[in-house]
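Dear colleague,

Please find below the structure that I am handing over to you, together with its sequence. My findings follow directly after it.

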Amino acid sequence: MSSPAGGSVFADRVLNDWLSSVGLGIEYSRAEANTLYFVDEDGEEVPVLDHVCGFGSLIFGHHHPDITAHAKATLDQQIPVYVPLSRQSHANDIAAVLNAILWREIQGGDGDYAAIFANSGAEAVEICVKHAELERRARIAKLTEEVGRNAQKAREAVGAGRATVAENPYIQLGREGGETERLEQLLAEAGRRNAELIAKGPVHLALENAFHGKLVASVQLTQNPHWRLPFTSLASSTRFLRADRPEAMKAAVEELRMNLLDVLVDDGVVTVVERDFPVIGAFFVEPVQGANGMRPLTEAAAREIRAVCDAVGCPLIVDEIHSGMGRTGAFFAGSHMGLRGDYYTLAKSIGGGIAKNAVALFHRDRFRPEFEVMHSSTFAKDGFSASIALKVLEMLEADDGRAYRVAAERGERLKEVLTTVASDYPDVVDAVHGIGLMLALEFKDQTRAASEPLREKAASGMLGYCIAGLVLREHRIRVLPVGPAGNSVRFEPSIYLTDADIARTENALRDVCTILRAQDGDRLTP
Ligand code: F0G
């Protein structure tokens, strides 16, 4: 069969060329625990230590034998996989476990959370965007009803000659006509302005350098301008705030404030008053900002964010897609800094490394039950991924949470080593960030490096990728850059990281540091 014009590469043509150019264009053929394998030119299987682990979605590594056995058994039993609009009690089973963990780690028994399932992290975030808007619309409806009732009261008072219409700073009234005409003129103009405001979408709050996904609404919550800006016209905008600047956070909220115009009859006079309008849809927060180079929130910031949400009345949405499922040494990373959310999102490791699954949780006080019928997805909540999720949760909770303790201990061990490397090479390493098995080593900026190839790679944001290429080529270790400047390298392996793996990692990083110190830019070129 002849291939169509333009060659026969139908998928990933640009991506693959680019991966090859930085030395990452390898096709893996097998995966197990923290090891990926590829077959070299001699037909030999080459092991590669995987520190990326599916962008942190493999808390139990690639193909954990218990998860694989469970998956096989599930399929052998011919459990129903796709049966939408039927009773699917597995959804409730998962939600029950998640509620129990939430109560234990964060809520102290403060109410329960309803669950809505999705197929990916970004989808779970978008479900939260939709639900927050449903909440906001309900608040707006309540407000407009009140405004409508007050208009009616004013009409009655003016009609009965009990009230006159006062001049007001918002709407200029004509001199002609009686009090009734003046009131109708006032209500018409206030109604027009209110309708304009009501028709607008919400503004969301998120933290600087946030990452919440790349779908239509979620990409607007992801700060990276390269991914976000081409699509701003498609969805609500986001105000990005600094977690360490509580005053600026409050000032931004104040700046966003908008008011509906209402009328009140007071002492025989109809006056115009402003009513606080719910402009802000929700505040989205990652307890550890993964894509920002593994930066955990501080306890003080968590408190400030909670206070902002309480003052505004909007939901605080804790995005645990990356940090949740045990990676930081607790099931919910937010439990380390006392971050209490109104909604939560989970994804990544809930799929056990073999299924696609995600879930959004909503505090019962805020949950709008009609949402269960309004939102749906063909694949979400399917029997297979649910069965895997229950197995993963069982494994995490087993032996009184042994997996969390191992994640914390392995993470500490790896962090110790990264910190030693950083202190041995203060001229090329800036810092170590993160918690548990969610770590990053941040290299110093090389845009003014003595070596021209280094300068060029740094200026084009490619330095981190070239470091990853070298580490793969020469040390058979898979890392990837992370962070807005691409200067950091991410480490988020499974809990089965061994001391030998850590020693190999240290060796590779010392090699990178030596190259940077020697300004040996050529060695970073594939
Ligand atoms: N939220 C957070 C905090 C994430 O880290 C991610 C993905 C998402 C949402 C979106 O999830 O990819 O399943 O749609 N983070 C990846 C990363 C891409 O680089 O760690 P998704």
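The side chains of threonine 328 and histidine 336 are joined by a polar contact of 3.0 Å. Please bear in mind that this is a predicted model. Threonine 328 belongs to the loop that runs between strand S13 (316-319) and strand S14 (343-346). Its relative accessible area is 3%, and with a value under 20% threonine 328 therefore counts as buried. Leaving aside residues up to four places away in sequence, threonine 328 touches Val288, Ser323, Ala333, His336, Ile435, Gly436 and Met438. Histidine 336, the partner in the polar contact, is thus also listed among the residues that threonine 328 touches.

A second threonine offers a contrast in setting. Threonine 68 is part of helix H3, which comprises residues 65-76. Here the relative accessible area is 23%, so threonine 68 is classed as partly exposed, the class between the limits of 20% and 50%. From C-alpha to C-alpha, threonine 68 lies 30 Å from serine 335, and the two are separated by 267 residues in sequence.

I turn next to the ligand. It is surrounded by 13 residues, and the closest of these are Gly121, Ala122, Asp319, His322 and Arg490. Two polar backbone atoms deserve mention: one of glycine 121 is 2.8 Å from an oxygen atom of the ligand, and one of alanine 122 is likewise 2.8 Å from an oxygen atom of the ligand. From arginine 490, a polar side-chain atom lies 2.8 Å from an oxygen atom of the ligand. The ligand taken alone exposes 480 Å², and the protein buries 82% of that area.

Finally, some overall values for the protein. Its secondary structure consists of 14 helices and 20 strands, and the C-alpha trace spans about 95 × 60 × 60 Å along its principal axes. Of the 526 residues, 50% are buried. Among contacts with a separation of 6 or more, 71% are between residues 24 or more positions apart. The accessible surface amounts to about 24200 Å², and carbon and sulfur atoms contribute 52% of it. The protein carries 56 positive and 73 negative charges, and the mean positions of these two sets are 2 Å apart.

With kind regards

Technical notes: Residues are numbered from 1 along each chain as its sequence is written. This is a predicted model: local features need pLDDT of at least 70, side-chain atom pairs count only at pLDDT 80 or more; totals for chains, interfaces and linings use all residues. Side-chain values use heavy atoms; hydrogens and water are left out. Helices (H or I, at least four residues) and strands (E, at least two) are DSSP runs, numbered from the N terminus. Buried means under 20% relative accessible area, exposed over 50%, partly exposed in between (1.4 Å probe, protein chains only). Contact means heavy atoms within 4.5 Å. Accessible areas come from the Shrake-Rupley method with a 1.4 Å probe; for residues, only the protein chains shown count as cover. Lys and Arg count as positive and Asp and Glu as negative; His and the chain ends are not counted. The place of a charge is taken as NZ of Lys, CZ of Arg, CG of Asp or CD of Glu. A polar contact is a pair of N or O atoms within 3.5 Å; within protein, one must be able to donate a hydrogen and the other to accept it, and residues adjacent in sequence count only if both atoms are side-chain atoms. A residue is near a molecule or strand if one of its heavy atoms lies within 4 Å of it.
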